[in-house]
Amino acid sequence: MVSNDVVSLENLACGYPGRPVLENLSTQFVSGTSTALLGPNGIGKSTLLRTICGEVPCIAGAVRISGDSIQSLSIRQMAQKLAFVPQHEHIPFRFSAREVVMMGRYVWSDQIVDSPEDHQIVHEAMVFTDSLEFADRPISELSGGERQRVLLARALAQQTDIVLLDEPTTHLDIRHQMDLCRLARKLTEAGKTVISAMHDLNLVNAFADRVILLGQGRIICQGVTDDVLESIQLDEVYGMTFRRIKDGGKTLVLPPL
């Protein structure tokens with residue numbers, strides 16, 4: 001029987017040959033929710049995202065999308081189900097920003113020439129991510145924040161039900177960080193599943209409904225965002241006693257004085 005969960009991890013172990021990073025991961029990512037992966041640098045957040053999208057093979061256990069093991073899906077089928085925005089991506093040629101976003105449409109077409117519908121979808125994705133103003137500039141000439149917005153637009157143009165974001169706010173100024181938080185909310189309101197590796201604890205409440213806290217090679221705890229931010233496990237994983245402030249019913253997490 002196929003589960004309603006869009007993405008399921010079943011006793012998953014992930015990492016690299018001879019070097020497992022995370023083990024015994026079992027959880028579900030449900031349609032219409034945004035989940036943040038939290039944990040110190042190097043704990044395996046990016047590795048987990050790359051395992052879910054098939055870039056890094058599972059060491060043990062399984063990743064399933066709507067009940068299907070990702071090993072049973074072709075590259076094209078995976079790309080039609082899931083879009084991944086990496087923290088860094090090297091694009092070697094002088095493609096324009098618009099051409100990079102158009103790459104998100106190729107998984108849906110067998111044609112060489114882009115259709116009017118493709119161009120409309122790309123235009124809307126670039127408007128949505130505030131990247132249309134530099135659509136014709138080479139991607140190699142854009143700032144880190146501008147490139148990140150283009151990669152986000154490419155993921156939107158891909159029109160998948162699952163979006164994976166690896167440290168999506170790293171290169172963005174504060175205005176575009178908040179724009180991205182609103183974008184994540186709009187995606188979940190449209191029924192999509194968003195999974196993000198994040199390091200800024202005070203953007204998590206704006207970004208995610210749910211948090212998975214990683215530490216010591218496993219899931220330490222998971223649950224509603226505010227509950228995890230209030231938990232003693234958060235202090236233990238990061239090795240400090242955080243200060244908490246309530247603002248509008250949400251928890252802000254501050255370092256100790």
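This note goes through helices, backbone angles, cysteines and salt bridges in a predicted model.

1. **Helix H6, length and start.** Helix H6 runs over residues 174-189, and at 1.5 Å a residue its 16 residues should span 22 Å; the C-alpha atoms at its ends are 23 Å apart, which agrees with that expectation. The N-terminal end of H6 is capped by Asp-173, which has a side-chain oxygen 3.2 Å from the backbone nitrogen of Arg-175. After H6 comes Gly-191, a residue with a positive phi, near 90 degrees.

2. **Helix H6, its buried side.** The residues of H6 that count as buried are His-176, Gln-177, Leu-180, Cys-181, Leu-183, Ala-184, Leu-187 and Thr-188. Around the helix axis they cover an arc of only 160 degrees, which places them on the same side of H6. The face turned away from that buried side carries Ile-174 and Glu-189, both of which are exposed.

3. **What H6 packs against.** The partners of the buried H6 residues include three helices, namely H4 (116-128), H5 (144-158) and H7 (201-207). Strands E3 (34-38), E7 (162-166) and E8 (193-197) also pack against these buried residues.

4. **Helix H5.** For the 15 residues of H5, a rise of 1.5 Å a residue predicts a span of 21 Å, and the end C-alpha atoms are 21 Å apart, which agrees. H5 is mostly covered, since 13 of its 15 residues are buried. Just after H5, Gln-159 takes a positive phi of about 55 degrees.

5. **Positive phi in two loops.** As background to this point, most residues other than glycine have a negative phi. Asp-130 is not a glycine, yet has a positive phi of about 60 degrees; its place is in the loop between H4 and H5, and with a relative accessibility of 26% Asp-130 counts as partly exposed. Gln-216, also not a glycine, has a positive phi of about 55 degrees. Gln-216 is found in the loop between strand E9 (210-215) and strand E10 (218-224), where it is exposed, with a relative accessible area of 69%.

6. **Cysteines.** How many disulfides does a search of the whole structure find? The search finds 0. For Cys-14, the closest cysteine sulfur is that of Cys-58, at 7.8 Å, which is too far for a bond, given that a disulfide requires the two sulfur atoms to be within 2.5 Å. Cys-14 counts as buried at 0% relative accessibility, and Cys-181, one of the buried residues of H6, has a relative accessible area of 3%.

7. **Salt bridge between Asp-136 and Arg-98.** A search of the whole structure finds 15 salt bridges, and in one of them the side chains of Asp-136 and Arg-98 meet at 3.2 Å, N to O. Asp-136 lies in the loop between H4 and H5 and Arg-98 in helix H3 (residues 97-102), so this pair ties together parts that are 38 residues apart in sequence. Asp-136 is exposed, with a relative accessible area of 62%, whereas Arg-98 is partly exposed, at 27%.

8. **Salt bridge between Arg-105 and Asp-118.** The side chains of Arg-105 and Asp-118 meet in a salt bridge at 2.9 Å, N to O. This pair links distant parts of the chain, with Arg-105 in the loop between H3 and H4 and Asp-118 in helix H4, 13 residues apart. Are the two partners buried or exposed? Arg-105 counts as buried at 6% relative accessibility, and Asp-118 counts as buried at 7%.

9. **Salt bridge between Arg-185 and Asp-209.** Here the side chains of Arg-185 and Asp-209 meet at 2.5 Å, N to O. Arg-185 lies in helix H6 and Asp-209 in the loop between H7 and E9, so the pair ties together parts that are 24 residues apart in sequence. Arg-185 is partly exposed, with a relative accessible area of 23%, and Asp-209 counts as partly exposed at 31% relative accessibility.

10. **A salt-bridge network.** Asp-130, Arg-149, Arg-175, Asp-179 and Arg-182 are linked in a network of salt bridges. Two members of this network have appeared in earlier points: Asp-130 has the positive phi of about 60 degrees, and Arg-175 supplies the backbone nitrogen that lies 3.2 Å from a side-chain oxygen of Asp-173.

Note on methods
Residues are numbered from 1 along each chain as its sequence is written. This is a predicted model: local features need pLDDT of at least 70, side-chain atom pairs count only at pLDDT 80 or more; totals for chains, interfaces and linings use all residues. Side-chain values use heavy atoms; hydrogens and water are left out. Helices (H or I, at least four residues) and strands (E, at least two) are DSSP runs, numbered from the N terminus. The expected span of a helix is 1.5 Å times one less than its number of residues. Buried means under 20% relative accessible area, exposed over 50%, partly exposed in between (1.4 Å probe, protein chains only). The arc is that of the directions from the helix axis to the C-beta atoms. Contact means heavy atoms within 4.5 Å. A polar contact is a pair of N or O atoms within 3.5 Å; within protein, one must be able to donate a hydrogen and the other to accept it, and residues adjacent in sequence count only if both atoms are side-chain atoms. A salt bridge is a side-chain nitrogen of Lys or Arg within 4 Å of a carboxyl oxygen of Asp or Glu.
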